[in-house]
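Here's a short set of exercises on aromatic rings. Grab the viewer and work through them one by one.

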Amino acid sequence: MHHGRTPHVTEIPAETEKASFRSDVTVELVKHSAADSDVLWAARVSTAGEQSLEEITKDPERSKGLINFLMRDRHGSPFEHNSMTFFISAPIFVFREFMRHRVGWSYNEESGRYRRLEPVFYVPGEARKLVQQGRPGKYEFVEGTAAQHELTGRVMEDAYHHAYEAYQEMLAAGVAREVARSVLPVGLFSSMYATCNARSLMHFLGLRTQHEQAAVPSFPQREIEMVGERMEAAWSRLMPLTHAAFNANGRVAP
């Protein structure tokens with residue numbers, strides 16, 4: 001009987017696997033318990049006690065004035081009694097900004113320690129403004145030239161190809177995924193579940209989107225704003241009265 005050592009098995013990526021490029025983001029509402037009536041029964045428990053449960057079955061349209069009052073006078077806690085879970089695919093640099101939002105948020109992200117990361121990378125689309133002007137706090141972004149767009153796409157794609165080839169080479173040599181991932185750039189796409197309530201989402205939107213009704217101007221990076229716009233579209237369908245009150249009161253979270 002042979003008693004030799006067990007051979008080491010390396011993770012060998014497919015030789016034909018090449019990088020792919022995206023200029024969009026994906027946001028999917030995968031689970032929710034969120035309605036305007038959630039705001040009403042949570043608010044009315046203050047004065048109605050157990051009778052506030054009757055609000056669950058009532059038409060919230062009849063009480064949209066209360067929702068507006070709560071928003072206007074910043075009585076925020078009634079907006080927390082709901083939940084939305086989104087599945088988001090975006091570049092890693094978007095997620096690093098996302099996780100600045102900690103209160104009222106829960107995250108679980110794809111792991112580069114436990115799975116081989118797919119070669120999907122972000123390259124700005126033609127509509128993405130490339131040139132930054134001004135000083136901190138007063139930045140303005142303007143259109144790039146055709147030459148700047150060509151340069152950006154070419155240089156980014158070339159760097160991504162080299163980075164992923166280095167990643168594959170280390171994996172093929174038996175280097176642990178958690179070590180090999182160090183060569184991958186923040187333009188790599190990742191995915192995560194993000195769970196929030198309406199109050200925490202409103203705070204996020206107030207900072208990460210630009211809007212004509214905003215009382216306080218915000219200057220988000222375009223890529224996280226793209227995520228915010230898609231999240232807001234889903235939320236506005238679930239809680240239209242709350243969304244309308246948010247806009248009517250300057251898009252400031254209560």
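**Exercise 1.** Which residue has its charged end over the ring of F141?

Solution. Keep in mind that this is a predicted model. Go to the ring of F141 and look for a charged end above it: R128 is the one, 5.7 Å from the ring centre. The cut-off is 6 Å for the CZ of Arg.

**Exercise 2.** How many aromatic pairs does the structure hold? Then classify the pair of F87 and Y193.

Solution. The count is twelve aromatic pairs. For F87 and Y193, start with the centres, which lie 5.0 Å apart. Pairing needs centres within 6.5 Å. Next take the planes: the angle is 55°, and the pair is tilted. Now place the partners: F87 belongs to strand β3 (residues 83-91) and Y193 to strand β8 (residues 189-196), 106 residues apart, so this pair links distant parts of the chain. Last, check exposure: F87 is partly exposed at 24% relative accessible area, and Y193 is partly exposed at 43%.

**Exercise 3.** Why does the pair of W105 and F204 count as tilted, and are its rings buried or exposed?

Solution. The ring centres are 5.6 Å apart and the planes meet at 55°. Stacked needs under 30 degrees and edge-to-face over 60, so this pair is tilted. W105 sits in strand β4 (residues 105-109), F204 in helix α6 (residues 198-208), so the pair ties together parts 99 residues apart in sequence. W105 is buried at 7% relative accessibility, and F204 is buried at 0%.

**Exercise 4.** Which residues do ring pairs link into a cluster?

Solution. Follow the ring pairs through F21, F121, Y160, Y164 and Y167.

Notes. Residues are numbered from 1 along each chain as its sequence is written. This is a predicted model: local features need pLDDT of at least 70, side-chain atom pairs count only at pLDDT 80 or more; totals for chains, interfaces and linings use all residues. Side-chain values use heavy atoms; hydrogens and water are left out. Rings of Phe, Tyr and Trp (its six-membered ring) pair if their centres lie within 6.5 Å; planes under 30 degrees apart count as stacked, over 60 as edge-to-face and the rest as tilted. Helices (H or I, at least four residues) and strands (E, at least two) are DSSP runs, numbered from the N terminus. Buried means under 20% relative accessible area, exposed over 50%, partly exposed in between (1.4 Å probe, protein chains only). A charge sits over a ring if NZ of Lys or CZ of Arg is within 6 Å of the ring centre and within 35 degrees of the ring normal.
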